[in-house]
Amino acid sequence: MTQIKVAIVPVTPFQQNCSLLICQTSNKAAVVDPGGDVPLILRAIEQTGAQVEKILLTHGHADHAGGAAELREKLGTPIEGPHIGDKFLLDKQDVASAMFGFPCRNVTPDRWLAHGDVVSFGEASFDIRHCPGHTPGSVLFINTPMNFCVVGDVLFQGSIGRTDLPGGDHALFMRSIAAQILTLEDSMAFIPGHGPMGAIGEERRHNPFLQHLA
């Protein structure tokens, strides 16, 4: 089984978890959600010695995608994700930059992702689940062999993502969580968009936003 090493680099004033996923067999890597602070991300990559093959986006909010265009230029690697439902957000990263006070650039992925797709780097692969509600195009990256996933702002320890931002839909979000999050194994670890890692089972049992769904 291919082992994956994870390094988390908090970026932007929102301390968003930019994740560096490294295939231990090949030393190939993917950067998930480079929202900003690109020099910091590049230093982390250099420290690991990994070769980045792809940039992956869970959704189109600026703190997750604002640095993707710059990082693609620096590394010469393609961007995959999110679902095309977030195109309206990726097309207006410059507006978000003015709102939040950190540099963001509009970006078009090299590949939009859909439910059931697979993304890979080195010998590692992740299944894609479309999980709309926080944004229309939010996706989950799931690695079943290693029993962990990257969920963006869908799920946090003890909480869930907001639905009051443009494109948010609370009723849809709760249906998505029931269908795409709560069907995962209790033992599966997750990397959220902000804050510490968690486990699906712990959230199923203790997250107050999930109790009526479990």
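The following exchange concerns salt bridges in a predicted model.

Modeller: Local features in this predicted model need pLDDT of at least 70, side-chain atom pairs count only at pLDDT 80 or more, and totals for chains, interfaces and linings use all residues. Residues are numbered from 1 along each chain as its sequence is written, and side-chain values use heavy atoms, with hydrogens and water left out.

Colleague: Why is the contact of E80 with K54 called a salt bridge?

Modeller: The term requires a side-chain nitrogen of Lys or Arg within 4 Å of a carboxyl oxygen of Asp or Glu. The closest N and O atoms of E80 and K54 are 3.2 Å apart, so the pair satisfies that rule. By this rule the count comes to ten salt bridges.

Colleague: What makes E80 buried, and R111 partly exposed?

Modeller: Buried means under 20% relative accessible area, exposed over 50%, and partly exposed in between (1.4 Å probe, protein chains only). E80 has 7% and is therefore buried; R111 has 28% and is therefore partly exposed. These two residues also form a salt bridge, with the closest N and O atoms 3.0 Å apart. E80 lies in strand β5 and R111 in the loop between α5 (93-100) and β6 (118-121), so their pairing ties together parts 31 residues apart in sequence.

Colleague: How do you know that E202 and R205 are separated by about one helical turn?

Modeller: They are three residues apart in helix α7 (residues 200-206), hence that separation. Helices are DSSP runs (H or I, at least four residues), and strands are runs of E (at least two), numbered from the N terminus. The side chains of E202 and R205 meet in a salt bridge at 2.8 Å, N to O.
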